[in-house]
Amino acid sequence: MTRIASHRGGTLEYGDSTFAGFAATAAMEVDEVEFDLHPTADGRIIVNHDATLDRTTDSTGVVAAMKAEDVRAAIVNHAGDGFRHPLFVEELCDIFRSSKVGFRCEIKPGFDGKPYAGFVPRVTEALEKAGRLETTVFSSFLLDSLDALREATDRPALWLVSPPVLIQLGPRGVVEVAHLRGIGEIAVNIDMADAKLKNMAADAGLAFGAWAAHTTVQITKAFALDLKVFTTDRPRLAIEIRNALAMETAR
Ligand code: FE
């Protein structure tokens, strides 16, 4: 069955990368939790989608240029319960300590759009230390970060193919680049996913998934296409739809 990945802890249901969202996800019948990481200026690793605090917190600033304590002063969760500040990666690992939900860790670029120098080995080391590396798959839009991941770990890493890249290269070009870079799995925006693209990936030996399936129509499409996995900001809705589909099939 198609795997469900709770995107940033279920942004549309719990806020973007919040303690509340991750804690809820840890207890859900989802397969994976997706999250994004950034370094602080003093060597810590923060769970946050953007390279800055501007959009999702009450604060501003570029995470990689800030001290951890200043990042931690920001409030990310204005409405929900529990811890309200951006999480360290170690705390995320703690939340999932007794959960069977797997990790889907995205390696983000910095504010300048380039990979953080030397960041990937620090991420794999932190996950290893917390005993989570073995249950982590990685993802990135950045080919250079996928190269860095291959050097740092044996864990699988998938290429997030953005709509402009897919349009520019075309499906054939994407498959060729994947081969050149030793990539075994790709994921496209759910609105660009179709059976033709999926079959083309399968013919090339690539696993195929999608990201950003947030509406009932998009989530239903992800299941209908029998994707390997999709990310969603609405994990509870995705579970509901999966359960309804399973009942239908059982009937
Ligand atoms: Fe992400």
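**Getting to know the strands, the iron site and the salt bridges**

Trainee: Which residue in strand 5 does Glu34 stand opposite?

Mentor: Good place to start, but first a word on the model. It is a predicted model, in which local features need pLDDT of at least 70, side-chain atom pairs count only at pLDDT 80 or more, and totals for chains, interfaces and linings use all residues. Residues are numbered from 1 along each chain as its sequence is written, and side-chain values use heavy atoms, leaving out hydrogens and water. Across from Glu34 in strand 5 you will find Arg104.

Trainee: How many bridges join strand 2 to strand 5?

Mentor: Helices (H or I, at least four residues) and strands (E, at least two) are DSSP runs, numbered from the N terminus. Two strands pair if DSSP finds at least two bridges between them. Strand 2 and strand 5 run parallel, and the number of bridges joining them is six.

Trainee: And on strand 6, which residue is the bridge partner of Glu106?

Mentor: Strand 6 covers residues 136-140 and pairs with strand 5 in the parallel sense, over four bridges. The partner of Glu106 there is Ser139.

Trainee: Are the residues of strand 5 buried or exposed?

Mentor: Buried means under 20% relative accessible area, exposed over 50%, and partly exposed in between (1.4 Å probe, protein chains only). Gly102, Arg104 and Glu106 point one way, while Phe103, Cys105 and Ile107 point the other way. On both sides, these residues are buried.

Trainee: Which residues coordinate the iron ion?

Mentor: Donors are N, O and S atoms within 2.8 Å of the metal (3.2 Å for Na, K and Ca), and water is not among the atoms, so sites may look incomplete. The donor residues are spaced E-x1-D-x69-E in sequence, and both Glu34 and Asp36 are buried. Coordinating the iron ion at 1.9 to 2.1 Å are Glu34 (OE), Asp36 (OD) and Glu106 (OE).

Trainee: With which residue does Glu106 form a salt bridge?

Mentor: A salt bridge is a side-chain nitrogen of Lys or Arg within 4 Å of a carboxyl oxygen of Asp or Glu. Glu106 is buried, at 4% relative accessible area, and its partner also counts as buried, at 10%. The closest N and O atoms are 2.9 Å apart, and the partner is Lys108.

Trainee: How many residues apart in sequence are Lys100 and Glu29?

Mentor: These two form a salt bridge, with the closest N and O atoms 3.6 Å apart. Lys100 sits in the loop between helix 4 (89-95) and strand 5 (102-107), and Glu29 in the loop between helix 2 (19-26) and strand 2 (32-39). The pair therefore ties together parts whose separation in sequence is 71 residues.

Trainee: Which residue meets Asp144 in a salt bridge?

Mentor: Asp144 belongs to helix 6 (residues 143-152), and its partner lies in the loop between helix 7 (163-180) and strand 8 (185-189), 37 residues apart. Asp144 is partly exposed at 49%, and its partner is partly exposed at 27%. The N to O distance is 3.7 Å, and the partner is Arg181.

Trainee: At what angle do the axes of helix 5 and helix 6 cross?

Mentor: Axes are lines fitted to C-alpha atoms, for helices over the stretch in contact, and angles run from 0 to 180 degrees between N-to-C directions. Helix 5 covers residues 119-129, and its axis comes within 9 Å of that of helix 6. The two axes cross at roughly 50°.
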